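Work through the exercises below with the model open beside you. Try each task before reading its solution.

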Amino acid sequence: MVLREHCLECHQGDSAEGGVRLNNLNAATLPKQLDLLNRAQDQLFFGLMPPEDAAPLDQREQRILADWMRSELRLRHASKLDEKLRQPAYGNYIEHAALFAGSFKDKAFTPARRWLVSPQIFHERVNDVFGLEGRDRQKNFYGVTNPFVLPDQSGVRDYDINLLDGGHLLVMLNNAKWISEKQVFAAVSKGIQRQKLIFPNPKDRWYPPNAPAEWIAIVSKSDAPAEGELVAAIQKQFDNVLRRQASDQELDRYLQLFRSAIELGGNKKGLQTVLSSVLLESEFLYRTELGEEPADASGRRLLSPQEAAFAVAYALGDRGPDPLLLKVAQSGRLKTNEDFRREINRLLNDNQWFKGPVDPSLSGKNMQSHVSTHPKLVRFFREFFGYPNSTKIFKDLKRSDGFYQNPSRGTAGTPGFLVKEADRIVDWILLGDKNVVEKLLTTDQYFVYHDKDNESGKKVIAQWKEAYEHFKDTDWKNQPEKVIADNEDYIKDRKSLRILGGKQKREFLRYMYYWEESFGKGQTPFTTPSFAHGYTYNHSTFYNLPPTPHIFRYNTVVQQNFKGLDDEEFWNYPVKQPFPVPNRKGLLTHPAWLIAHSGNFHTDPIRRGRWIREKLLAGRVPDVPITVDAQVPDDPHKTFRERVEMVTMNEQCWKCHQQMNPLGLPFEGFDDFGRYRLDEPLEAPENLVAKTKKKNGFDSYRTKTVSTLGELKGTTQEELDGPVNDAFELIDRLAKSTKVRQSIIRHAFRFFMGRNEMLSDSVTLVDADRAYLESGGSFRSVVVSLLSSDSFRYRK
Amino acid sequence: MVTRRTFVQTGLLGASSVALLPQLSLAEAPEKKPPTRFIFLHKGNGLLPGSLVPPTFDKQQLELENRKQPLEIDLNGHDLPQWMSPLSDHQKNLTILQGLSGKMCTTGHHTWCSSLGVFKANERLSSIKWATVDFELAKMLPSPFGHIELACFPGGGGNSRGNINGIEKGFSARGPQQPNYAFGSPKVAVQELFKSVSTNQKSKANYQLEQQMLRFVAENQANLARQLKGFEKPKVGNYADALANIRSRDARVESMADVIRRNMPKLDEKYLADNLSTVDRQTGHTEILLSALISGMTNVVTFTLDELGTRYTGLPEIEGENVNQHDVGHGKAVARFSALEVREKIRQQHMHVIDQIVKRLKGIPEGTGTMFDNTMLFYFPDNGETHHSHGTEWPFVVLAGDNTPLNLGRRYIRLPGYAKEGHKTLGNWYTTILNAYGNPTEHYGALDVGLAIDQKGPIQKFLG
């Protein structure tokens, strides 16, 4: 009826609109019918049909039509919309208001599933396969390549929709071979002194410190092992790899393989074949969450004890459950909402089990990733904000005035430092755990450099200052050797100054000039001198802070013809951090976020705006139409904003760009390196004012004042929506928005559940939102609420 | 404007690029037309652009060359530089291509997947952005192995960090964060690639064990997949299919046993030893490369002739020396030879390798011509123009068979210099090759952020 009234007028006969004919559906073959229904379902769901110039459907008609299409398609397992709505990009297609209205009381659940392990979990699982604990756990394995890669986009990246494929298999074949060889090697080598061992690859001399007795029993025999021994060896590998015992049916199959492999290759090769085979089970690469019978009245099954323990552990970290959690689960005390709350609270208060680097890939020769007690909680926010993507944007050194270092061999470069500093802010706010959302968006407190904690930094500065005071009135510039000789005992007592050994004159002079330029001017120097080996701190300017001395600044102080240092302004370093940085407000004005949401040569107001629309306002922006290849035109007299507006403000483009531009353009107050600015240099040859004299410096160009005007729409709060003067005003209003808070909670849901929310998750989301409000803005309360919810505990 | 058609074509190609194993499309592969083959040979320590200039250039040509002005000169009638003399029989197939830049790559000493992937790579797998160009080509040229990589690994620095005989991470990449693995020694390569036809009892048993395990795991996973439905089914089904595909590949290789056996590399024991000179290692690998191509096991081979950290032994007249290429890069003489002369010796050895390959392929009939007619060979540095390179130049020596669709032919070509109008990058060059052989990508590789000119797309004049 609805179809006839609203669709057939245009979609029938030879002149059907778009060639889509709905009048002869029954005559078409089944695949064609399903295809047509899928297309019609999409058009209806995404609001593209009926078109604007046709009579609209009322809510009832819309529902009747949608229900009919979906039931027909689902009956045949053919609903492509269902498949699409599982993708991260479609998370916001469930109406925000409906989710938080509180009127949906359906019983929540997550579909029974296999969830591909993340790269981090995979690595921890390999450690577990070898039974490594404590210091024996490895950061890298010589012969193991991580088969998994998460996508780069901002937002939640690890969903349960990914599949194992041929690429994973190829990598796993090599991994399984290497791991099983090491397992057998350890068993064969048990009791033999390391020095006497012959390693097949002399460059790969690691092997697990422990070998199970079950495998030693196999490899130490020359004749065929007894069935009981084979069973024990198989069960041991099941326990190591799959964390369960093999079923009788599995045992039968593995026993056959074992015997046949022994016959072909002997005990060692036979064992290795079996060990490899278990490693190649797809179960090793998935988190299995199927639920346990019996089902409740709604058809939902609780996670089994084992599944529950792993689900909790993997929600809060990358390692499997700690022994206590496993024990609690096995004794039937991980079932109820209260059980989950108790255990999650316990684990959130455990500052050791999950402790580790937030992102080991940032660590290099001169910088180590920030370490957190709960890296995974920090990881949610870094993925949500997407600021780690700054390491993927390559920049031109000259445009940064010589300060930007692109990631390169052994270093994540400037963006690596910036990402670490953003991680620190997130972790610091999470530790405070009050008004977390608001603080992340509005804090003016930043960590910059901060390579020593506040106490250590204070001590270093006190010691340096005392030494400077001690020497400053001596003739250290003209007679350094004499001053050193006169103060030999004083210097010896201060070994941390490193004014020692054969190069003590050079070191002494370097320190004194460094201090003269800082203490001498009433300022505090950075707590690591620029002449320290491997010095790489060079990025304060991206916060609009003065630079610290260049690595080579004090190189010439010992030369005969040294005539003194040029006068330069350096940063009065705040030892106590975090500290307020002017013209910054929260993570959206952090250089790491601004660079991550910029291009190689210019800002990206559209991407910045889209991020706010989708991540903070739970909004939707259609993908760029495939026929659009829009380029920002060149015009040497216009700012980048003006040039963007030249191509995005025509009627056809504005339909989508109005969702993004007014939110992103206020950030034109920051350039593509994240530096705050009032004017924009018009970087075109005709605007050149002066060539720089500085090596890798930025030439001077004519400038134009940037406009930071914008508009906030879509908070559904009248007092917040409306024009804004700049990013700071926009951020203040966003931080007050209920929708923004709830949107972040929706993303947290996706992060911890590994899927998009459904309407049946409404109770879970409302509860999590309430938990946040009632706890004074505690993110941990949100985590406890989500992880003890029905959505987390039940499968269907 | 990108048309819907080209977008869909490109999109589909891109989408299939990571997930599919090469052998998936074997069944559909047309057998009639001889396959196209690609050989990538790369070297460390830079390739000095000046060393490629024919000594017979006249004053005017030399002046243009020295000023890095665009040049296009027919090589007919010109002598090749002395070190290139082993290629004199192949001059009609030869192109010397100068003036490409590669500043979007890691440059300097070691470059990992940079020169084949056109991005800034380093030892971290996370730096691998996408499949290297040889893998992109291999995807279009189905064969049982898809792609084979051989390497004279460095002993220090760079890849592998010293395990020069093993199967280690190579210089090619299958996809984002997916390194390829290369065979370090001829012995290991023969064992692995030709294990299905091995006559050695131990190797035979190992192969059978491997097959037994694969059959077991494939059956297990297929059984499990059969019990699943909905979204869960492909999560295991896909994996089971991939296992089945590996088994089909092995079956296909087994079915080629006769042809593989006929083309087994015939190597003396010295080439299969654990300790062999660099030159012998190269010779051994070259025989394996030829066997793999001729037997049809693969159509794309990448061979790391050396890397900066590869210690050279066995070079003519300095056979006993253990040449440290890093020292040579810094101008250190070896025995009575200056650094430049040592560089020349190394390059000349590479030319012998190329001659060995081209001559052999020219001797094998295929279709109405020879196997070489359907082959392209690239010789290039892994890091650009010199030891401490900046990537302003990336010279290529190309040998192309008669059936190449590329318009290169017997020329010395110098493209406009860095940042000059019409300047071309490594990305443009690879885009040209990919486009010419059917991959319609708009641009392959990262862009040079310091280059203000339009740097996307193929080099049109080579597309004919």
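**Exercise 1. Cis peptide bonds**

In which loop of chain A is the place of A:Pro294?

Solution. First, the ground rules. This is a predicted model, in which local features need pLDDT of at least 70, side-chain atom pairs count only at pLDDT 80 or more, and totals for chains, interfaces and linings use all residues. Residues are numbered from 1 along each chain as its sequence is written, while chains are lettered from A and ligands numbered from 1 in the order in which they are written.

Step 1. Find the loop: A:Pro294 sits between β2 (286-289) and β3 (301-302) of chain A. Helices (H or I, at least four residues) and strands (E, at least two) are DSSP runs, numbered from the N terminus.

Step 2. Check the bond before the proline. A:Glu293 and A:Pro294 are joined by a cis peptide bond, with omega about 0 degrees.

Step 3. Repeat for A:Pro578. A cis bond with omega of about 5 degrees links A:Gln577 to A:Pro578. The loop here runs between α20 (504-516) and β7 (579-580) of chain A.

Step 4. Put this in context. Most residues other than glycine have a negative phi, and most peptide bonds are trans.

**Exercise 2. Positive phi and burial**

Classify A:Tyr449 and A:Asn544 by phi and by burial.

Solution. Step 1. Read phi. A:Tyr449 has a positive phi near 65 degrees. A:Asn544 also has a positive phi, near 65 degrees.

Step 2. Locate the residues. A:Tyr449 is in the loop between β6 (445-446) and α17 (454-471) of chain A. A:Asn544 is in the loop between α20 and β7 of chain A.

Step 3. Apply the burial scale. A residue is buried if 20 or more other C-beta atoms lie within 10 Å of its own, exposed if 12 or fewer, and partly exposed in between; C-beta atoms are placed from the backbone. A:Tyr449 has 21 C-beta neighbours inside 10 Å, so A:Tyr449 is buried. A:Asn544 has 16 C-beta neighbours inside 10 Å, so A:Asn544 is partly exposed.

Step 4. Add A:Ser496, in the loop between α19 (488-492) and α20 of chain A. A:Ser496 has 10 other C-beta atoms within 10 Å and is therefore exposed. A:Trp464 is 32 residues from A:Ser496 in sequence, yet their C-alpha atoms are 9.7 Å apart.

**Exercise 3. Helix α3 of chain A**

Test the length of the helix, then find its buried face.

Solution. Step 1. Length. Helix α3 (residues 59-75) of chain A has 17 residues and should span 24 Å at 1.5 Å a residue. The expected span is 1.5 Å times one less than the number of residues. The end C-alpha atoms are 24 Å apart, so the values agree.

Step 2. Buried side. A:Leu65, A:Met69 and A:Leu73 are buried in α3(A). Their directions fall within an arc of 55 degrees seen down the axis, so they line one face of the helix. The arc is that of the directions from the helix axis to the C-beta atoms.

Step 3. Spacing. An α-helix has 3.6 residues a turn, so residues three or four places apart point the same way.

Step 4. Other side. The exposed residues there include A:Arg60, A:Arg63, A:Asp67 and A:Arg74. Just after α3(A), A:His77 has a positive phi of about 50 degrees.

**Exercise 4. A helix pair**

Describe how α11 and α12 of chain A pack.

Solution. Step 1. Geometry. The axes of α11 (residues 305-316) and α12 (residues 323-330) of chain A come within 8 Å and cross at roughly 150 degrees. Axes are lines fitted to C-alpha atoms, for helices over the stretch in contact, and angles run from 0 to 180 degrees between N-to-C directions.

Step 2. Contacts. Among the residues of α11(A) that meet α12(A) are A:Ala309 and A:Val312, and the α12(A) side includes A:Leu325 and A:Ala329. Contact requires C-beta atoms, placed from the backbone, within 7 Å.

Step 3. Classes. Eight nonpolar, two polar and no charged residues make up this contact. Ala, Val, Leu, Ile, Met, Phe, Trp, Tyr, Cys and Pro count as nonpolar, Asp, Glu, Lys and Arg as charged, and the others, Gly among them, as polar.

**Exercise 5. The side facing chain B**

How many residues of chain A are in contact with chain B?

Solution. Step 1. Count: 40 residues of chain A touch 48 residues of chain B.

Step 2. Sources. β1 (113-116), α7 (166-189) and α10 (248-279) of chain A each supply at least two residues. The largest share, nine residues, comes from α10(A).

Step 3. Classes. This side of chain A has 13 nonpolar, 16 polar and eleven charged residues.

Terms used. Two residues are in contact if their C-beta atoms, placed from the backbone, lie within 7 Å.
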